Each structure stands twice: as C-alpha cells, then as structure tokens.
Amino acid sequence: GCNGITKGKIIEAIEKKGLFTRDDVKRETKAATSCGGCSGLVDRILEATLGANFNAVNADVGLCACTRYTRDDIIKNIRERGLNSVKDVMETLGWETVGCDTCRPALNYYVAMARPGTAEDDVSSRLINERAHANIQKDGTYSVIPRVYGGVITPSEMKRLADVAIKYNASLIKITGGQRIGLYGIKKDDLPSVWADLNMASGYAYGKALRTVKTCVGSKFCRYGTQDSLDLGITLEKRLERLWTPAKVKIGVNGCPRNCAEPGIKDIGVTGVSGGFEVYVGGSGGIELSAGELLAALKTPEEVIKVVSAFIQHYREEANYGERTFKWIRRTTLSAIKKVVVDDAAKRNALCQRLEEALAATSDPWTNTARGAKKPEIRQWASPVRL
Ligand code: SF4
C-alpha cells in the first residue's frame with residue numbers, strides 16, 4: 001500500500017491483535033488511510049485470514065459497480081489531488097467503465113461541491129432534467145417553472161407568464177405545491193425563447209438544488225403573525241438559489257406556530273414564535289413522510305440565516321449524492337449535526353464561509369442560455385475517458 005504496509009504486516013496485525021474489520025486494520029496499521037485505493041485489497045486479506053469470521057458488514061462499499069472507491073475516498077482524492085472534472089476523477093482513479101447513471105451525476109456533484117470556482121461542470125454527466133434545465137413530461141414536452149421568491153409575484157411577472165403561455169401554446173398553467181406557477185407542454189426547441197421572453201430566474205424545479213421557499217404572509221398581513229416570514233423567506237431564497245445540493249431541498253417559513261406554509265414537512269422549516277424563531281430540519285412530505293426535528297431556537301432573522309446556511313453547507317459536504325436531509329439526519333444523528341452548526345461558532349462560521357465560495361461559483365442557466373452563452377444540453381454522456 002502507499003503507506004508502505006505490506007500484506008504480511010496486515011496479516012500479522014489481524015492475527016496478533018484480533019482485528020475483524022477494515023476499520024480495525026486502518027486504525028492499527030494505517031493501511032488504506034491515504035487514497036483508499038487498496039481498501040478492497042485489505043478486505044480480501046481480511047477475508048482470506050479470518051474466513052467465516054470476516055465482518056463484511058463493516059466493509060465500505062464502492063460508489064457503484066464501476067469503481068471500488070467509496071464516496072469518502074473519492075472526495076478525499078478530489079480535494080487532495082485537485083481533480084476538477086468527472087474526466088479527471090475517472091482517469092486518476094482508474095474507472096473501469098464509462099460510468100453509469102449512479103456514478104456520473106454523483107461525481108459531477110462531488111467535484112462541484114469540493115472544488116467551487118475551479119470545477120468544470122460536465123453537463124453530459126447530469127440526468128435529463130438537469131441537462132435540459134426543465135422537467136421532461138410524459139409526452140416529451142417540458143414544464144417551465146421560474147423562481148418566484150417566497151411565492152410573491154408582481155403584476156408584470158404575471159403578465160409575462162400569461163403572454164408566454166399564449167405565445168408558446170402552453171397546454172396547462174398550474175399553481176404548484178411550492179407556491180410557483182408552472183407552464184406545461186412547452187416544446188424542447190422553444191425552451192431558450194421561453195426563458196428569454198419570461199426574463200425570470202430559473203426555479204430549479206428540475207434539479208437536486210434549492211427548490212422553493214414557501215412562506216405564509218406573516219406579521220405584515222396576518223393578525224396572528226408574530227414574525228415577518230415574507231421578508232425572511234424571500235431573503236433565504238435569494239441567498240440560497242442556484243445552489244446544488246445532494247438531493248432537492250425545500251424550505252418553509254411561517255409567521256407563527258399555526259404553520260400555514262407547512263414547515264414541519266420541509267427539509268428546513270422556520271417557525272416564528274413570540275420573541276424569535278424555531279428552526280426544524282429533516283421534514284419530508286414525499287413518498288416517505290418525515291416530521292422535522294428542532295435544530296435550534298433563535299432570536300433574530302440574522303441568526304436564522306446563519307444557522308440555515310451552515311446546516312445546508314454541512315449537508316452539501318457530508319451527505320451522499322441523492323440522500324435527502326431526513327435520511328442524512330437519521331444516519332448521522334441530529335445531535336451530531338447540532339454540535340457542528342449550532343454549538344460550535346467557529347465551525348458554523350467556517351461552513352458559512354465555504355457556502356459563500358460555493359454561491360460565488362453559481363450562475364443562472366436560463367439567463368446564460370437566453371444570452372446565447374450556452375445551449376441546453378440534451379445529449380447524455382459519451383465516455384470522457386480513454387478506455
Ligand atoms: S402561519 Fe400564522 S402568521 Fe402565518 S398565515 Fe398562518 S396564522 Fe398567519
């Protein structure tokens with residue numbers, strides 16, 4: 001191995017120190033603790049030495065059948081070796097195939113997350129909706145759902161939506177569950193013109209990204225409101241839009257505990273209470289229902305923005321690609337997450353700083369396309385590596 005650990009030394013450690021798992025071997029010998037490329041070899045030595053006593057349950061599993069490297073190994077290599085693209089990762093880590101729809105989108109996300117500002121987005125490694133910046137429908141047309149910050153829209157934006165729906169023969173105009181307006185039945189070739197005519201930001205309804213911040217009208221309008229949920233929700237959405245995340249992220253912000261914007265089933269739910277806010281995380285109203293759990297009780301909107309920012313960056317850095325917040329929280333525990341984003345000011349500030357770097361590297365895909373800088377890429381990957 002790269003730490004100079006021989007097979008003989010590993011076998012000796014297994015037999016003399018009573019080791020049963022790869023983690024045991026790592027701890028005692030330092031084997032498989034650099035790039036992780038020899039992890040599979042360590043497993044085979046364990047299996048050959050222990051026979052039926054080998055604890056395969058604890059062996060890390062490669063990202064997919066295309067590689068023996070785990071998610072953590074891959075991110076470590078991306079950071080330490082400065083890998084800036086899917087192609088770099090696959091060539092450097094010796095991918096055994098052209099990739100699959102498990103590893104290619106995951107690698108593209110991990111590179112962007114670990115190397116903001118220098119990562120090269122491999123559009124062909126994204127799944128169809130992210131390549132098209134729109135959701136494909138069952139008849140092959142697309143839906144177009146622009147950003148409507150906090151669910152608050154102007155008369156001029158509503159007029160543009162209506163004009164575009166008429167001009168491009170949208171077959172359906174629908175108010176979505178996230179307080180957006182969706183145009184359905186848009187032809188693929190019309191997408192760039194639709195985006196240009198709308199002149200609104202992409203709503204990312206198609207991506208593993210911040211989807212929506214749903215708000216109630218809060219203390220500005222509602223007699224029960226104790227906090228300004230409109231202002232806080234819009235601020236959060238403007239701050240976090242365009243951010244790629246391991247899985248889709250939905251936020252709800254409410255002016256009082258009556259919770260009209262359903263924060264209890266959002267990835268991040270903010271509830272205004274007398275004298276402050278409660279921040280809940282890990283809610284989901286999808287296939288698997290999950291009630292959000294209290295992450296923090298805070299006094300000011302600024303504190304909420306900071307804790308939410310740190311939470312979302314921690315999730316971006318630690319969750320597996322495709323893992324929703326509630327599953328990540330169950331796996332890592334809420335108390336462990338709380339220690340990082342709530343209890344430790346230095347770690348929270350560092351997470352917020354890294355979030356700023358990630359945000360600085362984003363740009364709006366609809367605007368880029370409408371300005372002619374980029375065309376939507378519908379084609380899926382061909383091999384980026386020499387085979
Ligand atoms: S959550 Fe409270 S403040 Fe917001 S609309 Fe409902 S009752 Fe009013």
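Start by selecting strand β5 (residues 210–215), helix α10 (residues 229–240) and strand β6 (residues 249–254), since together β5, α10 and β6 make a left-handed β-α-β unit. Keep in mind throughout the tour that this is a predicted model.

Next, hide the helix for a moment and look at the two strands of that unit. β5 and β6 run parallel, and four bridges join them. To find one place where the strands face each other, select K214, which stands opposite G252 in β6.

Now stay on β6 and turn to strand β7 (residues 268–273), which pairs with β6 in the parallel sense, again over four bridges. Select G252 once more, and you will find that this residue stands opposite G269 in β7.

Before leaving β6, show the surroundings of the strand. How many of the six residues of β6 are buried? Five of them are, which means that β6 is largely enclosed by the rest of the structure; buried here stands for under 20% relative accessible area.

Then bring α10 back and add helix α11 (residues 301–318), whose axis comes within 11 Å of the axis of α10, the two crossing at roughly 35°. In this crossing, α10 passes α11 in the right-handed sense. To see where the helices touch, select L232, T235, L236, R239 and L240 on the α10 side, and P301, V304, I305, V308, S309 and I312 on the α11 side. If you colour the residues of this contact by type, they divide into eight nonpolar, two polar and one charged.

Methods. Residues numbered from 1 in each chain as written. Predicted model: local features only at pLDDT ≥ 70, side-chain atom pairs only at ≥ 80, totals over all residues. Heavy atoms only, no water. Buried < 20%, exposed > 50% of the residue type's maximum accessible area, 1.4 Å probe, protein only. Pairing = 2+ DSSP bridges. Right-handed = clockwise from strand over helix to strand, strands pointing away. Axes fitted to C-alpha atoms, helices over the stretch in contact; angles between N-to-C directions. Left-handed = near helix turned anticlockwise from the far one by under 90°. Contact = heavy atoms within 4.5 Å. Nonpolar A, V, L, I, M, F, W, Y, C, P; charged D, E, K, R; others polar.
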